[in-house]
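Here's a quick briefing to read alongside the model. Have a look at the fold, then at the surface and the charged pairs.

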Amino acid sequence: MTRTLEWRLRLGLTEDDGMTKAEAVLDTGSAKLTGHGVARCNPQDVDVPAIGDELAASRAMKDVAAQLMKAADTDLENVGAGPASGPVAPPYAWTDSTA
């Protein structure tokens with residue numbers, strides 16, 4: 001069975017007085033997840049707006065990714081594909097080679 005989907009991500013950035021805020025909205029067509037991220041420029045550092053954008057955006061997308069992983073974990077539990085409690089699995093379903 002072949003299936004093709006397109007999810008849309010909207011990322012908005014605002015900067016004010018050395019602080020950059022980001023809002024990432026993932027629209028799956030059936031759900032929307034919203035993540036937030038903030039970056040602040042240390043007053044002793046050179047203000048490079050692109051760095052603030054990158055940090056705030058990555059933090060907002062990391063927030064969305066965590067919400068998406070939590071939703072997937074819940075869905076797996078609901079179909080009986082994993083224990084409701086117990087050891088925490090490695091992030092992003094990759095095997096932990098150090099275990």
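A residue counts as buried under 20% relative accessible area, exposed over 50%, and partly exposed in between. By that yardstick leucine 9, at 46%, is partly exposed. Keep in mind that this is a predicted model.

**Overall layout**
- You'll find one helix and three strands in the protein chain, and from the N terminus on they run β-β-β-α.
- The protein chain has 99 residues, and 15% of them count as buried.
- Among contacts in the protein chain with a separation of 6 or more, 35% come from residues 24 or more positions apart.

**Surface**
- About 7900 Å² of the protein chain is exposed, with carbon and sulfur atoms supplying 56% of that area.
- Leu9, Leu11, Leu13 and Met61 make a nonpolar surface patch of about 320 Å².
- Strand 1 (residues 8–16) gives the most to this patch, with three residues.
- Leucine 9 sits in strand 1.

**Salt bridges**
- Searching the whole structure turns up two salt bridges.
- One pairs glutamate 6 with arginine 8, with the closest N and O atoms 3.0 Å apart; both glutamate 6 and arginine 8 are exposed.
- The other pairs arginine 10 with glutamate 23, with the closest N and O atoms 3.2 Å apart.
- Arginine 10 is in strand 1 and glutamate 23 in strand 2 (residues 19–27), so this pair ties together parts that are 13 residues apart in sequence.
- Arginine 10 is partly exposed at 47% relative accessible area, and glutamate 23 also counts as partly exposed, at 30% relative accessibility.

Note on methods. Residues are numbered from 1 along each chain as its sequence is written. This is a predicted model: local features need pLDDT of at least 70, side-chain atom pairs count only at pLDDT 80 or more; totals for chains, interfaces and linings use all residues. Side-chain values use heavy atoms; hydrogens and water are left out. Helices (H or I, at least four residues) and strands (E, at least two) are DSSP runs, numbered from the N terminus. Buried means under 20% relative accessible area, exposed over 50%, partly exposed in between (1.4 Å probe, protein chains only). Contact means heavy atoms within 4.5 Å. Accessible areas come from the Shrake-Rupley method with a 1.4 Å probe; for residues, only the protein chains shown count as cover. Patches are made of residues with over 30% relative accessible area and no salt bridge: like charges are joined within 9 Å, nonpolar side chains (Val, Leu, Ile, Met, Phe, Trp, Tyr) within 5 Å. A salt bridge is a side-chain nitrogen of Lys or Arg within 4 Å of a carboxyl oxygen of Asp or Glu.
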